[in-house]
Amino acid sequence: MLARPAALSAADYRDPAIFAAEQRDLFARSWQFVGFTDELAAPGSWLARQIAGEPVLVQDFDGEVRALRNVCSHRFARLRMGEQGVAGGPLRCPYHGWTYDRDGVPVGVPGNAECFGLDRAARQGLALRRYELDRAGRFLFVRVTPGGPSLADWLGPYRDLLQALSDGMAAPFAQAAQTWAANWKVGVENVLEVYHVDAVHPDSFRTVVDGSWRVEGTGPHSTGYAGIRAEAQRWWEGAGKRLGLAPVQAVAGMEGYVHLLLFPNLAIGITAGRMMSVQTLEPTGPESFTLRYRLCLAPAREGASRAALAAVTTHLAALNEELLSEDRAVCAAVGAGLHHAEGAALLGRNEDRIRHFHDALTAGLLRQT
């Protein structure tokens, strides 16, 4: 028999203890993509994320980006509400007005002399927790538990690829965050194979890819390559000519569809070398995750028709929403089915990339025990 049981059992997707171990021993210790440097270009701009249960604030402080815990040291209010914004002044708690500097030290305490008496050392002792932050091109990463490999070592050869994509892609033309009713691993597994495309995406993704599939693994990360159907290739060549979209020539096969998984949960799809879809699958519970996506095109030439650009991006955004809606529904069906499943899934040879993901997941957790 060519198929073999998966390394994970159905219980590995449902068990709250396993979810807690993944948060503590995998996500807290891994570099997590939080956004593009473009999103923090304006003075005082910020992003707020949850990483392994930690509320993380990534903010520009006069041209220097820092990652701090998004919780006031005084009475524990969130310092920034929402997911993204631009502040017009210092980092200030909305509850009692404590203000913090770039090191997370409370430098402004209303009524300090009369009510608190905090000297410099005491205020430094109340500094917000600071997290490791690094970048690869325009891609910003945070790690909440210190130690372990540098970002460059963690990414390996993918670091140069992220730099090439950074140089060859414009700012996002569409982005959103969605709540999905499934374990995060179900979502990752869904993007690691094209076996489901004929059944789930007959009128969306199947109109783009031709069904071929080749997989390579590099450490815990992996890459999948698919060919593009002739009609889709002609569409991209036409759009490229109209808008001057030069394809990224970063890796062999980029003229087709290339899908990267940067372990554990950053997925990047590159279509015809001219569009990049960046997805993070952020666990929020044993049976839910947030899928956050950004869509970027190669830069259009100066003077390209705005109407033509709007037509292309509108079409691509709609196709992406259709594809995600279909995947979201089928992942929810898997999440519901896992409540009534025992043992392990049966993986065919065309699902070997899932097996690679399971091996990396198991090894990552075992290294922490």
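Here are a few exercises with worked solutions on a predicted model.

## Exercise 1: The closed spaces

Task: find out how many cavities of 30 Å³ or more the structure holds, and work out which residues line the largest cavity.

Solution.

Step 1. Start with the count: there are two cavities of 30 Å³ or more.

Step 2. Take the largest cavity, with its volume of about 50 Å³. Its lining consists of Trp31, Gln32, Phe33, Phe141, Trp154, Leu155, Leu262, Phe263, Pro264, Asn265 and Leu266. Strand S2 (32–36) and helix H5 (151–155) are the elements that give two or more residues to this lining.

Step 3. Sort the lining of the largest cavity by class, and you get nine nonpolar residues, two polar ones and no charged ones.

Step 4. Now do it again for the second largest cavity, which has a volume of about 40 Å³. Here the lining is made of Tyr13, Arg14, Ala182, Asn183, Pro286, Glu287, Gly335, Leu338 and His339. That splits into four nonpolar, three polar and two charged residues. Charged means Asp, Glu, Lys or Arg, and the lining includes Arg14 and Glu287.

## Exercise 2: The largest pocket

Task: for the largest pocket, say which residues are the closest to its centre and which element gives the most to its lining.

Solution.

Step 1. The volume of the largest pocket comes to about 640 Å³. Of its 36 lining residues, Phe205, Tyr257, Thr271, Asn320 and Leu323 are the closest to the centre.

Step 2. Look at who supplies the wall. Three helices and four strands each bring at least two residues: helix H7 (184–191), helix H9 (230–243), helix H10 (306–337), strand S15 (257–262), strand S16 (266–271), strand S17 (275–285) and strand S18 (288–297). H10 gives the most, with seven residues.

Step 3. By class, the lining of the largest pocket has 21 nonpolar, 12 polar and three charged residues.

## Exercise 3: A small sheet and a hairpin

Task: work out the strand order of the open sheet that holds S2, and explain why one side of S2 and of S10 is left without a neighbour in the sheet.

Solution.

Step 1. Write down the order. Three strands make the open sheet, S2-S11-S10, with antiparallel pairing.

Step 2. Read off the ends. S2 and strand S10 (132–136) are at the edges with a single partner strand each, so each has one side without a neighbour in the sheet.

Step 3. Check the twist: neighbouring strands here are turned by 30° against each other on average, with direction ignored.

Step 4. Zoom in on one pair. S2 and strand S11 (residues 139–143) run antiparallel and are joined by four bridges. Gly35 has Leu140 in S11 as its bridge partner.

Step 5. For practice, try another antiparallel pair, strand S4 (residues 54–61) with strand S5 (residues 64–69), which pair over six bridges. Leu57 has Leu68 in S5 as its bridge partner. S4 and S5 form a hairpin with two residues between them, and Asp62 in the turn shows a positive phi of about 50°.

## Exercise 4: Arg292 and its acids

Task: which residues form salt bridges with Arg292, and are Arg292 and its partners buried or partly exposed?

Solution.

Step 1. Set the cut-off: a side-chain nitrogen of Lys or Arg has to lie within 4 Å of a carboxyl oxygen of Asp or Glu. By this rule the count is 18 salt bridges.

Step 2. Find the first acid. Glu83 forms a salt bridge with Arg292, with the closest N and O atoms 2.6 Å apart. Glu83 sits in the loop between S5 and strand S6 (84–86), Arg292 in strand S18, and the two are 209 residues apart.

Step 3. Find the other acid. Arg292 also forms a salt bridge with Glu282, at 2.9 Å between the closest N and O atoms. Glu282 is in strand S17 and Arg292 in strand S18, 10 residues apart.

Step 4. Turn to accessibility, where buried means under 20%. Arg292 has a relative accessible area of 6%, so it is buried. Glu282 is buried as well. Glu83, at 39%, is partly exposed.

Step 5. For contrast, take Glu231 and Arg229, whose side chains meet in a salt bridge at 3.1 Å, N to O. Glu231 is partly exposed at 39% relative accessibility, and Arg229 is partly exposed at 27%.

How values were computed: Residues are numbered from 1 along each chain as its sequence is written. This is a predicted model: local features need pLDDT of at least 70, side-chain atom pairs count only at pLDDT 80 or more; totals for chains, interfaces and linings use all residues. Side-chain values use heavy atoms; hydrogens and water are left out. On a 1 Å grid over the protein atoms alone, a cavity is a set of points where a 1.4 Å probe fits but cannot get out, and a pocket is an open set with protein on both sides within 12 Å along at least five of seven lines; lining residues have an atom within 4 Å of a point. Grid points are joined across faces, edges and corners, and a volume is the space filled by probe spheres set on the points. Two strands pair if DSSP finds at least two bridges between them. Axes are lines fitted to C-alpha atoms, for helices over the stretch in contact, and angles run from 0 to 180 degrees between N-to-C directions. Buried means under 20% relative accessible area, exposed over 50%, partly exposed in between (1.4 Å probe, protein chains only).
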